[in-house]
Every structure is written in structure tokens, then in C-alpha cells.
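Colleague: I'd like a close look at a single part of this one. Could you take me through it slowly, as if I were new to reading structures?

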Amino acid sequence: MSRHIVVAPDKFKGSLTAAEAAAAISRGLRQSNPKLTVSECPIADGGEGTLAAAVAAGYECVTVSAPGPTGSPVPTAYARRGRSAVVEMADISGLLRLDGGVHAPMTATSRGLGVVVGKALDDGCRHIIVGIGGSACTDGGAGFLQGLGAHLEDGQGQPLPDGGGALRQAAALNVAELHPGLKDATLVIAGDVDNPLCGPSGAAVVYAPQKGASAEQVVELDRALEHWSNIVAATIGRDLRDATGAGAAGGVGFAAMAVLGATMRTGIDVVLELVGIDDHLRGASAVITGEGCLDSQSLRGKAPLGIRLRASEHAVPAFAIVGTNTLTPEETAASQFTAVYSLSDREPDVRKAMTRATDLLGSAAADLASRFFVPANRC
């Protein structure tokens, strides 16, 4: 009986998409042992690659145009299957959509995310998963709500400009004209952070520096988010600024939960259900996952650990092939992977490793197969 291997990597950022990584690993396995049967199941954790994972799992790709993080239109898409939709914030309002790669910490907006969710609602979708990793903005989700029809005004009754920096001038939030489809829709936010909206562990202090904010801008943004949360609490009648995940995606988590009643879930769990990982794992001999870097953050719910945990439920051994492994030996043991292969052990030069990622992944997979999946007729 041939062994069946599930190949379920996340992206190798800067070099390979999850689908490309899965294909490279599969080729390496088959080159080493042609008798293996392999199924490819590219995954993501709610950030970049979530849309591609949905499409690989059989969802239809629906192309749309929406405002990017600086307001300029960007070509994007959402994934649809029946009345369900998957929207990826990174592809709309993410860092990769910044004009010329120039950060805009005070003015970047999540408006386009709301526009795309609205288009999915227009098309009849009523169960919508929104992956919110990789955002470029810290606007408290105000733009997201505005893209769905909400109105935000300053003290003179004028529309508020986009971006977190303008939130200090917010005086009124009007949600009367939110998209009518929201009334009978369920919204699931797929993220991987548990930060509150404001304060020392909040969206501005922890994540705005990664989006280009200076120390002074971080302080300004945090104060703006505090003011924004007061406006929302006064309008909606409940205060969720300290809810788990409120600070996700610069506060989109807060707006989605407080105003839209969305449910916040761990991104990898949502994506694994989306791609039907349990069906893949039933009867499998092993699963191979991976990503660009295996580090201490990976052990807090990133894609590889999510795969390993789900594999354990099926008593399936899990292997990891990663770009670099910065875990200590103790942390590697605690991760409970059967084995971890690192591309940096094969090519220490990071630039060369990224350029040669396809070949290196195939080589690592072939070595893994020759060690653990030896053909039955081999002496």
C-alpha cells in the first residue's frame, strides 16, 4: 500500500507562494519515492495568501476594484462558493498595496476592505470570512465601516478624512446607512493577534511602527484610537476596546466586533476549516508544512503549528520544511514536529536561498522522503 502525504505549507514570504511551495515539496517527494501519493493543500493564517488558499480549495475568484490603503484604486478579488465569501485585507488595504511601497501611517485607510465586503454582500454572499493580517493602516476600522456605508463626521458636520490621524477630530458616527445585507449576514474575522485596541499593548504601540509610524505618531495614533473608541461606545452602546483581538489590523477587529457583531477567530483555524484539512488528513501517512521562518511567534498559533496540532488529532506525524529555523533546540522539541528541515542549512546566504527556494525545497523534501518514506522494495 502506497503512503499518502499531505503537503500543506504557508507562503515563503518574498520567494514563493504557498501553492508554489507545495508544488516544489511535492516534486521533491516524488523524485525520491515515485510510489508516494501526494495531495497539495496550500494554507495561510488569515494574512497574505488567504485568498489563494480559498481559490485552491475550490472557491471561485471574483475580481473587483477597490480603494487601496492610500485611496488609489487597486485590482483585487474575493473568493466565493455559494453564499460564502473569503476576503483578504492584505490584498486590498495591505502593506503590499502601498503606492511605491511608501508607508502612510497617519492616512492609510481600511475603506477598500469595506468596499469589497460590500460587493460580496451585493452578490448575495451572507457568510463572509475576512482575513485581516498584513494591514497597512491604523484607522480603528473607521475606513472599513465607511466602505460599508457608515458616516463619520467632525465637529462641523463635515466628512472626516481617511486614516487614523484624523480620528482625533471625530465627533459623530452614523451607522443608519450601513449595507442592508449585513442584517442577515455572519461575519468572521480571521486574525492571529490578541491585542486590545489602545494602550501599551494596543494597535498603535505594538504594530504602527511596522507600518512606518514614528514614536510621536505612535502616541498620536493611540490617542486617536482612544477617542474613536469613545465615539463608537457612545453610538453603539457597548465598549469593546479591550476585547481580545480588538487591535488586530490597526483596529479593524474592534470595528467589526463592536459595530457589526463579527466573531473573531484564530486565522489558521479558520483557514484549515476552509480548505478541508481534516478530510486531507484522514488516512494520511504524514503531513509536511512550512513557511519562511519558524520562530517563537510560530508557536503562538501561526500556520505550521496549527497544522501540527490538527495533525495530532488524527495521529498523523507532522514535518516542517522552513526557510530559517530560529527556535532553540528546546523550542524545536516543544513544537513536536517529527523533524524540521531548514533551507538555511543548505544555503546560508539568505538572498541566494530566496532565489533558489524552489530547488532547495525540492531537495529538502527529497531528503526527508529518503529518510522517512523509504519505498518498501528498497534494500
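Which strands does helix α11 lie across, and at about what angle does α11 run to β11?

Modeller: Happy to. Keep in mind that this is a predicted model. Helix α11 covers residues 303-313 and lies across two strands, β11 and β13, the latter being residues 318-322. Its direction is at about 170° to that of β11. Angles over 145 degrees count as roughly antiparallel, so α11 and β11 are roughly antiparallel to each other.

Now look at how α11 sits in its surroundings. Of its 11 residues, 8 are buried, so the helix is largely enclosed by the rest of the structure. If you want to click through them, the buried ones are A303, P304, L305, G306, I307, R308, R310 and A311. What does the covering? The cover over these buried residues includes the helices α9, α10 and α12 (329-335), along with β11, β12 (293-294) and β13. Here's a handy bit of background: an α-helix has 3.6 residues a turn, so residues three or four places apart point the same way. Just after α11 comes A315, and its phi is positive, near 55°.

Next, the sheet that β11 and β13 belong to. Five strands form an open sheet, and if you walk across it you meet them in the order β2-β1-β11-β13-β15, with parallel pairing. The edges are β2 (37-40) and β15 (339-342); each has a single partner strand, so one side of each is left without a neighbour in the sheet. From one strand to the next, the twist averages 20°. To see one pairing up close, take β1 (residues 4-7) and β11 (residues 286-289): they run parallel and are joined by 3 bridges. One bridge to find is that of V6, whose partner in β11 is V287.

Since α9 and α10 came up as part of the cover, have a look at the loop between them. V275 sits there, with α9 at 267-274 and α10 at 277-281. Its relative accessibility is 9%, and because buried means under 20%, V275 counts as buried. Leaving out neighbours within four places in sequence, V275 is in contact with C41, P42, I43, A53, A57 and H280. You can also check V275 against G49: the two are 226 residues apart along the chain, yet their C-alpha atoms are separated by 12 Å.

For comparison, here's another strand you can try the same reading on. Strand β6 (residues 127-131) has 4 of its 5 residues buried, so β6 is also largely enclosed by the rest of the structure. It pairs with β5 (residues 84-88) through 5 bridges, and the two run parallel. It also has 5 bridges to β9 (residues 186-191), again running parallel. G131 is a nice place to stop: G131 is the bridge partner of E88, and G131 stands opposite A190 in β9.

Last, a pair of helices. α7 (residues 215-236) and α8 (residues 252-260) pack at an angle of about 15°, with their axes 10 Å apart. They are therefore roughly parallel to each other, and α7 passes α8 in a right-handed crossing. On the α7 side you'll find W228, S229, V232 and I236, meeting F254, A258 and V259 in α8. By class, that contact has 6 nonpolar residues, 1 polar and no charged ones.

Terms used:
Residues are numbered from 1 along each chain as its sequence is written. This is a predicted model: local features need pLDDT of at least 70, side-chain atom pairs count only at pLDDT 80 or more; totals for chains, interfaces and linings use all residues. Side-chain values use heavy atoms; hydrogens and water are left out. Buried means under 20% relative accessible area, exposed over 50%, partly exposed in between (1.4 Å probe, protein chains only). Two strands pair if DSSP finds at least two bridges between them. Axes are lines fitted to C-alpha atoms, for helices over the stretch in contact, and angles run from 0 to 180 degrees between N-to-C directions. Contact means heavy atoms within 4.5 Å. Angles under 35 degrees count as roughly parallel, over 145 as roughly antiparallel, 65 to 115 as roughly perpendicular and the rest as oblique. A crossing is left-handed if the near helix is turned anticlockwise from the far one by less than a right angle, and right-handed if clockwise. Ala, Val, Leu, Ile, Met, Phe, Trp, Tyr, Cys and Pro count as nonpolar, Asp, Glu, Lys and Arg as charged, and the others, Gly among them, as polar.
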